[in-house]
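Work through the exercises below with the model open. Each task is followed by its solution.

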Amino acid sequence: MTVIPQPRKSPRQLRSQHTVDTILQATARVLATHGYAGTNTNLIAETAGVSVGSLYQYFPNKNALIAALHDRHDNQMLDVIDGVLDSNPAATLRERVAAIVQAMLHAHLLEPALHRVLEREFPLFDLPHEHSRADQDIHRRMRHLLEFHRDEIAQQDRDLATYVVLRIMESLVHAAALEPPAGFSPAQLEQAVVDAVMGYLGTPPSPARPAPRKAARKTARR
């Protein structure tokens, strides 16, 4: 079992939160540029413009910083979903799925080198679903979305559908951002992910219609 490194403490004041954000942004730049072997807390502190002592107030080592970057990414994805759900309440399920996929892909493309390092070299530093508040919130949001649009989908087990939809999005968005196939535009990749999600969800079965009655034959009078 992999032990996820934890920060020493959480920032409470606005100034402390800003310091931690600055440190994490610097960690992302250094890690994306130098990789794990070339990353150390001295270089991160220098890039962030803070003392090493200030960094150690919050993070005991670079592994804790990497784990914090995974958590930051999960919270970014939660913000993406919240932003879509809070806009245009009249949108269809397909329109909302398309907006979520587009926003997720855009967020991954902002720091592709960082995501490549995190996903390929340090996937085990990502908190398990049951220990990640952001992951649990994302699951609840998606579950609510599918329940709200239940008349638009064929899947009756919305708990299972939530799991599958999130895994489809996560896997295909990561692949599209980190290893995009040649010859396809971002819009084409987005559409393909949306088609995969909606293809799984399917369309609701049409209500059963009563069989048409056969016209009674009239007995000819003789």
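**Exercise 1.** In this predicted model, list the contacts of M169, leaving aside neighbours within four places in sequence.

*Solution.* Start with the residues of helix 5 (93-110). M169 is in contact with V97, I100, V101 and M104, among others. Then add M142, H174 and V197.

**Exercise 2.** Which residues have the most contacts inside the largest nonpolar core, and which elements supply that core?

*Solution.* The core has 31 residues. L93, V97, I100, M169 and L201 have the most contacts inside it. Two or more residues come from each of helix 4 (62-85), helix 5, helix 7 (133-148), helix 8 (158-178) and helix 9 (186-201). Helix 8 gives the most, with 8 residues. Another core, of 21 residues, lies apart; I23, A28, I44 and L55 are among its members.

**Exercise 3.** Where do the buried residues of helix 5 lie around its axis?

*Solution.* First, take the length: 18 residues span 26 Å from first to last C-alpha, close to the 26 Å expected. Next, list the buried positions: L93, R96, V97, I100, V101, M104, L105, A107 and H108. Down the axis they fall within an arc of 160°, so they line one face of the helix. Residues three or four places apart point the same way, because an α-helix has 3.6 residues a turn. Finally, check the face turned away: H106 and L110 are exposed there.

**Exercise 4.** Is T39 buried or exposed?

*Solution.* Locate T39 in the loop between helix 1 (14-34) and helix 2 (41-48). Its relative accessible area is 3%, and buried means under 20%, so T39 is buried. Its side chain reaches the backbone oxygen of G35 at 2.6 Å. Beyond four places in sequence, T39 touches V30, L31, H34, I44 and K62.

Methods. Residues are numbered from 1 along each chain as its sequence is written. This is a predicted model: local features need pLDDT of at least 70, side-chain atom pairs count only at pLDDT 80 or more; totals for chains, interfaces and linings use all residues. Side-chain values use heavy atoms; hydrogens and water are left out. Helices (H or I, at least four residues) and strands (E, at least two) are DSSP runs, numbered from the N terminus. The expected span of a helix is 1.5 Å times one less than its number of residues. Buried means under 20% relative accessible area, exposed over 50%, partly exposed in between (1.4 Å probe, protein chains only). The arc is that of the directions from the helix axis to the C-beta atoms. A polar contact is a pair of N or O atoms within 3.5 Å; within protein, one must be able to donate a hydrogen and the other to accept it, and residues adjacent in sequence count only if both atoms are side-chain atoms. Contact means heavy atoms within 4.5 Å. A nonpolar core is a set of buried Ala, Val, Leu, Ile, Met, Phe, Trp, Tyr and Cys residues joined through side-chain atoms within 4.5 Å.
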